[in-house]
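User: I would like to go through the strand pairing in this model, with the reasons behind each term.

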Amino acid sequence: MINRIAVVAVALLFAGSALAATPGALPDIPTPYLPSTEIAVDEMLRLAGAGPDDLVVDLGSGDGRVVIAAARDYGARGLGIELDPRLVAESQANARQAGVAERVAFRQGDVLAAEYRAATVVTLYLLPNLVDKLKPRLLAELKPGTRIVAHDYGFSDWKPDRSVVISKTYHLYLVPAAVAGRWRLHAVLPEGEREYDFDLEQRYQEIRGGARVAGGYLPAFDARLAGDRIAFVLVDNGTSHRFEGRVQGTLLMEGTVRSGAGRNPAAGSWRATRVIRGADEG
């Protein structure tokens, strides 16, 4: 049987920023507030590429240091979500003292229920099980390309797009567009226009698939998805066609395709529309 002191030690080991709202994690022991260091705050914002066009949302914002640094040092707007009303009041006072009160806001609330769909950057320093409980909301509600930076504890089954170790570990995740399914791909190639039935499988940002053609199948080589940006290569009739583009919502992808060898391959365009099951299938 684990004694209470040992359980407290485990809680301290896995503690993050302002974690009092952690359902199901060591419920009999309050999780302490452990503020991020100045280095950690800066590395999280640097890894996210925060800038003047961003709304940085810190979930479990504590005394507001991440949100304030985002506004003061990176020119971003900021929003902090914090369960403890005393820390919310402290954050507001700290923002006024830092001269950024007009660019930031702090709300008292549960990070599992709060509204932050407009975020372009989300920062987390939370216990692992709370991070995983947040994942469905983050994937469903944030726009593709939104940057999520987790301090120390990332998602258990979602591979980071990038990880950095500078004193601590920071994981960057780009919210991926939803591309799994069947598509009708139209490409303008050097030899003329071409139509493909294109299939994609997806696990977060990892994708694979290919094009079904008469008498065969063309695998999609080097298939990559980064937020709403997609790229893949099809080799057809001995020529490589390099597709790059963006996912527009859930029904359309389009971009440019470069065909052939050398430094100046022929350039064309491509467009893919999602096949709605039962509607366009013949």
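User: What makes E9 and strand E10 (residues 206–213) a pair, and how many bridges join them?

Analyst: Two strands count as paired if DSSP finds at least two bridges between them, and a strand is itself a DSSP run of E with at least two residues, numbered from the N terminus. Seven bridges join E9 to E10, so the pair meets that definition, and the two run antiparallel. One of the partnerships sets leucine 200 against glycine 209 in E10. This is a predicted model, in which local features need pLDDT of at least 70, side-chain atom pairs count only at pLDDT 80 or more, and totals for chains, interfaces and linings use all residues. Residues are numbered from 1 along each chain as its sequence is written, and side-chain values use heavy atoms, with hydrogens and water left out.

User: How do you know that E8 pairs with E9, and which residue in E9 is the bridge partner of leucine 185?

Analyst: Nine bridges join E8 to strand E9 (residues 192–203), so the requirement is met, again with an antiparallel course. Leucine 185 has tyrosine 196 as its bridge partner in E9, and a hairpin connects E8 to E9 through two residues.

User: Why is one side of strand E11 (216–219) and of strand E12 (221–226) left without a neighbour in the sheet?

Analyst: The open sheet has nine strands in the order E11-E10-E9-E8-E16-E15-E14-E13-E12, with antiparallel pairing. E11 and E12 stand at its edges and each has a single partner strand, so one side of each lacks a neighbour in the sheet.

How values were computed: Helix = DSSP H or I, 4+ residues; strand = E, 2+ residues; numbered from the N terminus.
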